[in-house]
Amino acid sequence: MSRIGKKPVQVPAGVTATVNGQTVTAKGPKGELKFVVNDEVLVNFENGEIAVQPRDDSKDARSKWGMSRTQIVNILTGVKDGFEKKLEISGVGYRAAMQGKNLQLALGFSHDVVYQTPEGITISVPKPTEIVVSGLDKQVVGQVAAEIRKYRGPEPYKGKGVKYAGETIVRKEGKKK
């Protein structure tokens, strides 16, 4: 039994949510998002709460129950507050800068890496060693941050590269004489 799926989702103040069949739509101060719930899961909207239940007792329905509720919470949070991920760059000569809407990264390659910002995502560079990715959709924000990190992930000997803020890098000991 899903402990997450049992709890009804409260629609926050300032957000209007509608359920039309299997589609949940949320409009808020930041924008609008939709989520199509799987057919194995039932969605009901009443008294300012969205309730999610499995259609039957099959393993497939129960496995999608909690995930569906979490996705609905994420779209409601996204249109109200939005999501953001912070990345840190460490290494001599490693830096980031905005070039119009694109992110330009100097990561020790013979050329600069230019990352094109997808639609609905905002990338800002408060310092040359800090990148902030923000947007409405939690999945897209995480995907963009992962793609930027993938260009030069942190290496275990000196810790150089792009890492998430707060991420700890397990360091290895170097060669011994």
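This is a short tour of a predicted model, moving from the whole chain to one helix and then to two residues.

**The whole chain**

Start with everything shown. The protein chain holds three helices and 13 strands. Turn the view along the principal axes: the C-alpha atoms fill a box of roughly 65 × 40 × 25 Å. The radius of gyration of the protein chain is 21 Å, whereas a compact globule of 177 residues would have one near 16 Å.

Now switch on a surface. The accessible surface of the protein chain is about 10900 Å², and carbon and sulfur atoms account for 49% of that area. Of the 177 residues, 32% are buried. Among contacts with a separation of 6 or more, 50% join residues that are 24 or more positions apart.

**Helix α2**

Select residues 59-80, which form helix α2. Does the length of α2 fit the count of its residues, or what span should 22 residues give? At 1.5 Å a residue, the 22 residues should span 32 Å, and the end C-alpha atoms are 33 Å apart, so the two values agree.

Next, centre on W65. Helix α2 bends by about 25 degrees at this residue. W65 is also one of the buried residues of α2. Colour the others in that set: A61, G66, S68, R69, I72, N74, I75, L76, G78 and V79. While looking at them, keep a rule of helices in mind: an α-helix has 3.6 residues a turn, so residues three or four places apart point the same way.

Move past the end of the helix to G82. This residue follows α2 and has a positive phi, near 85 degrees.

**S63**

Go back into helix α2 and select S63. Is S63 buried or partly exposed? With a relative accessible area of 49%, S63 counts as partly exposed. Show its side chain, which reaches the backbone oxygen of D60 at 2.8 Å. Then add V41: S63 and V41 are 22 residues apart in sequence, and their C-alpha atoms are 9.8 Å apart in space.

**T117**

Last, select T117, in the loop between β10 (113-115) and β11 (121-127). Why does T117 count as buried? Its relative accessibility is 17%, and buried means under 20%. Show the residues around it. Leaving aside residues up to four places away in sequence, T117 touches K101, N102 and I123. For K101 there is a polar detail to find: its backbone oxygen lies 2.5 Å from a polar atom of the T117 side chain.

Definitions and conventions. Residues are numbered from 1 along each chain as its sequence is written. This is a predicted model: local features need pLDDT of at least 70, side-chain atom pairs count only at pLDDT 80 or more; totals for chains, interfaces and linings use all residues. Side-chain values use heavy atoms; hydrogens and water are left out. Helices (H or I, at least four residues) and strands (E, at least two) are DSSP runs, numbered from the N terminus. The expected span of a helix is 1.5 Å times one less than its number of residues. The bend at a residue is the angle between axes fitted to the seven residues ending there and the seven starting there. Buried means under 20% relative accessible area, exposed over 50%, partly exposed in between (1.4 Å probe, protein chains only). The radius of gyration is taken over C-alpha atoms; the globule rule is 2.2 Å times the number of residues to the power 0.38. Contact means heavy atoms within 4.5 Å. Accessible areas come from the Shrake-Rupley method with a 1.4 Å probe; for residues, only the protein chains shown count as cover. A polar contact is a pair of N or O atoms within 3.5 Å; within protein, one must be able to donate a hydrogen and the other to accept it, and residues adjacent in sequence count only if both atoms are side-chain atoms.
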